[in-house]
Amino acid sequence: MTPRVVQARSVEEASALLRAHAPHAWPIAFGGDLLGLWKDGVRERAGDDAPLWVDLTGVPELAHIERGADGRWRLGAMVTLAQLQRSAASFAPLLAEAVERIASPQLRARSMLGGNLLQRPRCWYFRQPDIACFKKGGRGCPAVGGPPQAHPGALGSGPCHAVHPSDLATALLALDATVEIVGAGGTRELALGQLYRGAAAAREREARLAPDEVLAAVCVPPQPATQAFEKLAPRPANEFASAAAAVVLRVNEGRVAGARVALGGVASEPLLLEDACALLSGPSLERFDAAAAAGRLLRTVPALAPSRAAALCELAIERALARAAAAAG
Amino acid sequence: MSAPYADAAAAAPEPLPRWPDEGALQVVGQAVPRASARAKVTGAACFTSDVARPGMLHAVLVRATVAHGSVTHFDARAARARPGVRGVWGPDDLRWPTLPRRSRPVIADSVAFVGEEIGVVVAESELQAREAARAITLTYREQAACVTLQQSLADGAPLLAPEGNIAGGVEVIARGDLARAQAQAEVVLEARYSTPAQHHNCLEPHGCVAQWGADGLTLWDSNQGAHMIRERLAATLQCPLASVRVISPYVGGGFGSKIHIKPYHAIAAVLARELAAPVRLFMARREEFVAGHHRAPTERRIRLGATREGRLLFVDEQIAGEAGPTPLMAFNAAGASNGLRLHRAEAVRAEIRRVLTHTQSPIPFRGPTAAEDIFCLEQAIDELAHALQIDPLALRLRNLAEVDMLAGLPYAGKELERCYRLGAEAFGWTHRPPCSQRDGDLWRGIGMGAVAYDATLYEPSRAEVACVHGGGFEVRVGISEIGCGADTVFAQIAAEALGVPLDRVVTHFGDTASTPRSIDATNHSRTSAVVGPSVRAAAQALKEALLRAGARTWQPDELGALVEAHGAFVCGADRERPPHGVFAAMFGAHFVEVAVHRRTGHVAVRRAVCAHDAGRVLNPRLAESQVRGGFLQGLGMALHEERVLDPRSGAQLNAAMWAYRTPGIVDAPGSIRFVDAGRPDGGNSLGVKGIGEPPLIAAGAAIANAVFNATGVRVRDYPITPDKLRAAWSGAGA
């Protein structure tokens, strides 16, 4: 029952260990999420399985940030959030902004990119060990009909209504990042927009990884500096987002020529708002009306409109748009 | 004064002559640092959670996961087979004792709230015990439960007591002629408010280490009063009082939660005897939430009547508070007296319903029942001021009570008017209408709130001062130091009385074997005011004894030689006689500025001025610490903190620090300024009152009133979260 912890020396070894001990093996980094789940007795499966935790923090190749020959930045999964904040300021400012709003300086010093992306939902019902729910092997979503503070997602549907809690997922989606996944068959790359597909209907993990796969790195293509991240939460620190928006604009001759706008804190995965470019192109940025633009963007997700999250989503988008546009100045 | 001690109070020693009101004192009133400051910041200070005994085993409680019913099957076979496990006990596996005045043994098969104790595991490590506890298979016979006030008060609700779900029936407090006051009222304001359950969240959880030896039981325990725990534990275990010793080294926070004996004390003691080994039993953070108890959630309707000029005519309240499953702790569910005495009125009336529920019992929490009552009442006063178009400060100044409405007595000292005036001056209070300070998306507002808090709890108490080896002095008080600075102020009092420098005096506390029996517990903001005069009297007696023995210069070597010759000099003094014909109470007024974001609903408390009448302040630095900590807990109550239960199962959904929002450093205002508006009080010979609880009580309403002043909308169901504020002003069309 007490988890055994083994130190992996390479990603391949980690994958082999996970495969050999499936389904009772899990990768662990800092453990900011996994340890809490385990201590609280939040279990995916009943039973007396002795889990094996494969510690990735000692794998050297996972702890670097480097620029590849293709110009993309490769962020190792075991880079700490503090490291990421320092480095990303130069090549992806919105990523640095996102890190700054996560948890607290103490936790950012210790927790890691990969763990942040693969954290489990923060739904209070999921985290309550004695109440059955879909993600804990039960049926249905008890959060539906529960008190609003327990925060099921504004766009929840299906067997689990929980929101994906990662701010970095939202940020990286706007940056058009991909993730590098290492498994038995070698390395594959997956767009971040695909990583959480089907999260609401998956029991044991929200990311589309096989049990023996390791999220090794995130690759961020070069992006224009006209970008910004905004997070709204009940308090300024140590909170998960009620709404988060990440915006990357491509500006050409004073006009928006391309845009990626991602919205977090409302659904089981971060949402990439469709047609952002078309909705944002128009008059020159000098006369850019961020509030009106945010309203137009929000209407592309009709289901959001009646929810209590709509106003916050709109504000997050508006602020991020305004700052990204101002950066073009 | 509680009736059982009336004779003791009458027979208590005459107070010493009062200290002079102005000047003259050398050590008392100085802002000396806390005696334990260095030990605490360096980690040298020993807390109960640091205690480790050779061969110590670890106990973990098994807690019910249903709100009402009984355990029909407690299957511990798998748990017993786990590594390191030394034993697992369910309801029927031992003859579990029953705490005094309780009917349920400390472990039993009956369940009346989620989290109730139904078994225990002991293992060689806490981890092994926790894992084994999870391997226990439980079967319940569940019964219908009432986990909210509404469920319990609904027609056809399951009864928690044969006579009904209102513990002790409806209590009515009434003074004055309400009908007449109502007839005179030109303006009547009525509003409904609700307050959530608030958790203490002590940094150090509840816990103890129990060890039996030839002399009996030694219990290291994190509590607010080691002597009372010892007496109740001996009664529970039915063993001689002399065979129980309780040691409470530094305590990592109490806030009221560690006054009373709890099942864990007796369980640890029973297991340590059963296993003939020291047993450590500490609650995990989740257990602190689900079984560490809390401030009761309440609902109330308040009616105020006044003349157009702002003379308050009546206060009429109907209050319901969640009382938990037993009438025993129901007194913590709701109260009104300190609110009713806060302002002058022709008539006051409160109807109080303490509603039995299948939730854990409420227990005292810093300003118990007063904080939630005054939080709401002081907002109603603000609503009245708004309705009358009178400055809320002016309204309060127009309604200063000179005689205590409930006791029918003049005050032993009352500087509430000075709190209003000095606080307003320090704050720069100029009344401004709601919504008048809008700065883009930031709406600024100011608010105030006041507090009255009785200082009348009485039981016998004793303190000693000794001159010991080397000519040093030791104050011996039978109290637990929960962080208020009792380790410092008693030494200041003794040094003052003895006429020696403070560094010659140390304070010994927290061990029932080597301290006299002082007050029951460090509670009700009274430790200084009650124990302090005894310390002074004991020091005075010691001084006289040393003079009789020939002491001349008070130099350490001279006194050391006296001690060598005669043995240690120890003098004790009983609690002085309480004042007669006056009512002792503390007062305060807080002034707060907030900035509310129009679109997010986020409330930032910018600054606070907290003026208090605490009588003579023994140590301004420690007083300021109390004010800051209390203000922040009041801020949490107003804006962030709430227990959230699943209304179907009664299980707590946010029993974790990340989900239960206590204020953090980024939520704290830039400044919390303490203004000492008091004067030496007539309630005791030191002129001291208290300042532990009033800062929490006054803070909440001041913040809520500032939010109203900023936004023009009033949220009456607390906490005032961003979601509720946005909903309120979208409803108000703001």
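# A guided tour of chains B and A

Begin in chain B by selecting helix α18, residues 694-711, which lies across the strands β18, β19, β24 and β25 of that chain and runs at about 150° to β19(B). Keep in mind throughout the tour that what is on the screen is a predicted model.

Next, select the strands beneath the heading of this first stop: five of them in chain B form an open sheet, in the order β18-β19-β24-β25-β26, and their pairing is mixed. The edges are taken by β18 (437-439) and β26 (671-676) of chain B, and because each has a single partner strand, one side of each is left without a neighbour in the sheet. Neighbouring strands in this sheet are turned against each other by 20° on average, with direction ignored.

Zoom in on the edge formed by β18(B), which pairs in the antiparallel sense with strand β19 (residues 442-454) of chain B over three bridges. Which residue does Q437(B) stand opposite in β19(B)? Selecting both strands shows that the residue opposite Q437(B) is R444(B).

Now add helix α17 of chain B, residues 620-640, which lies across β24 (585-597), β25 (603-613) and β26 of chain B, and which runs at about 125° to β26(B).

Staying in chain B, select D520(B), whose place is in the loop between β22 (505-508) and α15 (527-548) of that chain. The side chain of D520(B) is joined to that of R517(B) by a polar contact of 2.8 Å. If residues up to four places away in sequence are not counted, D520(B) touches G225(B), M228(B), E459(B) and R526(B).

Then show both chains together and turn to the contact between them, which takes 34 residues from chain B and 36 residues from chain A. The area buried between chain B and chain A is about 2,900 Å², and carbon and sulfur atoms give 53% of it.

How many salt bridges are counted between chain B and chain A? The count is five, and to see a salt bridge between the chains, select D40(A) and R286(B), whose side chains meet at 3.5 Å, N to O. Across the same interface of chain B and chain A, 15 residue pairs are found in polar contact, with both residues at pLDDT 80 or more. On the side of chain B that touches chain A, the helices α4 (126-134) and α19 (722-731) of chain B each supply at least two residues. The residues of that side of chain B divide into twelve nonpolar, ten polar and twelve charged.

Move on into chain A and select the four strands that form an open sheet in the order β9-β10-β11-β12, with antiparallel pairing. Here β9 (227-232) and β12 (271-272) of chain A stand at the edges, and since each has a single partner strand, one side of each is left without a neighbour in the sheet. Within this sheet, strand β10 (residues 243-252) and strand β11 (residues 255-264) of chain A run antiparallel and are joined by nine bridges; the bridge partner of A246(A) in β11(A) is A262(A). Add helix α12 of chain A, residues 310-328, which lies across β9, β10 and β11 of chain A and runs at about 30° to β10(A).

For the last stop, select D33(A) and R127(A), which form a salt bridge whose closest N and O atoms are 2.8 Å apart. This pair links distant parts of the chain, 94 residues apart: D33(A) is in the loop between β2 (25-28) and α2 (34-39) of chain A, whereas R127(A) is in helix α7 (residues 124-127) of chain A.

Key: Residues are numbered from 1 along each chain as its sequence is written. Chains are lettered from A and ligands numbered from 1 in the order in which they are written. This is a predicted model: local features need pLDDT of at least 70, side-chain atom pairs count only at pLDDT 80 or more; totals for chains, interfaces and linings use all residues. Side-chain values use heavy atoms; hydrogens and water are left out. Two strands pair if DSSP finds at least two bridges between them. Axes are lines fitted to C-alpha atoms, for helices over the stretch in contact, and angles run from 0 to 180 degrees between N-to-C directions. Contact means heavy atoms within 4.5 Å. Buried area is the accessible area (1.4 Å probe) that two parts lose on being put together, summed over both. A salt bridge is a side-chain nitrogen of Lys or Arg within 4 Å of a carboxyl oxygen of Asp or Glu. A polar contact is a pair of N or O atoms within 3.5 Å; within protein, one must be able to donate a hydrogen and the other to accept it, and residues adjacent in sequence count only if both atoms are side-chain atoms. Ala, Val, Leu, Ile, Met, Phe, Trp, Tyr, Cys and Pro count as nonpolar, Asp, Glu, Lys and Arg as charged, and the others, Gly among them, as polar.
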